[in-house]
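Colleague: Could you take a close look at a single part of this model for me, and set that part in the context of the whole chain?

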Amino acid sequence: MDETRTAKPSDALGAKPSGAAYRNLAVATIGFTLTFWAWDLVAPLGSDFKDRLGLSSFEQSLLVAVPVIVGSLGRVPVGALTDRYGARLMFPLVSALTIIPVLLIIPAKNSFGAMLAVGFLLGLGGTTFAIGIPLVNSWFPPARRGFALGVFGMGMGGVALSGYFTPRIAEHGDNLPYVIVAIALAAFAVLAAFLISDRPDRPVPTTSLGTRLGQAGRLRVTWELSALYAIGFGGIVAFGVYLPTYLKTWYDLSPTDAGTKAAGFALVTVVFRPVGGWLSDRLHPATVTTVALAVVALFAVVQAFDPALNPVGTICFLVMAAGLGTASGSVFALVSQVTPQPQVGSVTGIVGAVGGLGGFVPPLVMGAIYSAKDSYSIGFMLLSDLALAGCVYAYGRMRNARAE
């Protein structure tokens, strides 16, 4: 018998998640990982595109940042559409559509303008975050929700997979990474159509898309959470897309070594995201966010003084990765606490969009600063300032936030 047919409304409040909950969590996490890999296909090969197309540092930054901004903004309508039509439809649909820009990279790779256009379409892969969060949130009870959302958030490890495997696969064929990712997305889209299911008792909004987005936008917590997520997750995205360039430019690493170390950074953020959710199930999520961002602020200052990569620089990056990963997990645990259930998708879309935009700006800023000053120190000091501001706000305001 179908588990989704036998699930009882009371399960949402029970202490033990159902088998269907864990199945949906596992499949959604795999899909999130694959689409994030697709979303980040350009960044690990950014230096190759720079050499191939004769790009400046700013143009290279723009090339890797375009998918980020489009994927971030796309989360707003995708989250609202998920509230209305459910993840069972949206997840396989978006995964299948992402195959198109992945394959379009092949004919576009010798033209900067064409790559910008493909990068715009590639942003679709970054929208699945706004599909998985409301799905997982609906299946797990409040006492387990923080950890479950953190596990789903581990799908951002697709960035780490891309950073490590994409350059290595490309060594065996320029087009091979795109073909492999396209095949993986196609296989997942088919599996997701059969394995992902929405809770039969989930609240389905009947109002229009614009009305629901307007209602979510009028919630104060939507923008407060957006600001915090822009620092936590935005920092992860920014490092994910720009760290290979930074390591290659400043520390003179090869593209493969730079991609490997960037993948290590991303892996740490992946591991610590469920840690942030797990801690938030036991402590207040705002307290967890406060401590995590304070750690990021401290070590960003240390890195601003350009220490040697081994060991101080490496320690700084790994500790910042742990802090950003923890903060990302705790902020979405906070989302589940202060957002009305029928609006989780819409609020998630907005929060995820702003978080992704938080990752769009830093690569452009870092590229512009390096072009003008031949240094990255100012960028790390700005990161420290933002993290400290988020730390203060999380502690002073968000500990007392409640669902409106």
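Modeller: What follows goes from the whole protein to helix 8.

This is a predicted model, in which local features need pLDDT of at least 70 and side-chain atom pairs count only at pLDDT 80 or more, while totals for chains, interfaces and linings use all residues. Residues are numbered from 1 along each chain as its sequence is written, and side-chain values use heavy atoms, with hydrogens and water left out.

The protein has 17 helices and zero strands, where helices (H or I, at least four residues) and strands (E, at least two) are DSSP runs numbered from the N terminus. Its radius of gyration, taken over C-alpha atoms, is 20 Å, close to the 22 Å that the globule rule (2.2 Å times the number of residues to the power 0.38) gives for 404 residues, so the protein is as compact as a globular protein of that length. The C-alpha trace spans about 60 × 45 × 35 Å along its principal axes, and 59% of the 404 residues are buried, meaning under 20% relative accessible area with a 1.4 Å probe, protein chains only.

Helix 8 covers residues 142–153, twelve in number, and reaches 17 Å from its first C-alpha to its last, close to the 16 Å expected at 1.5 Å a residue, a span reckoned as 1.5 Å times one less than the number of residues. Within helix 8, the buried residues are R145, G146, A148, L149, G150, V151, F152 and G153. The buried residues of helix 8 pack against helix 2 (19–39), helix 7 (129–139), helix 13 (255–280) and helix 15 (309–338), with contact meaning heavy atoms within 4.5 Å.

Note on methods
Buried < 20%, exposed > 50% of the residue type's maximum accessible area, 1.4 Å probe, protein only.
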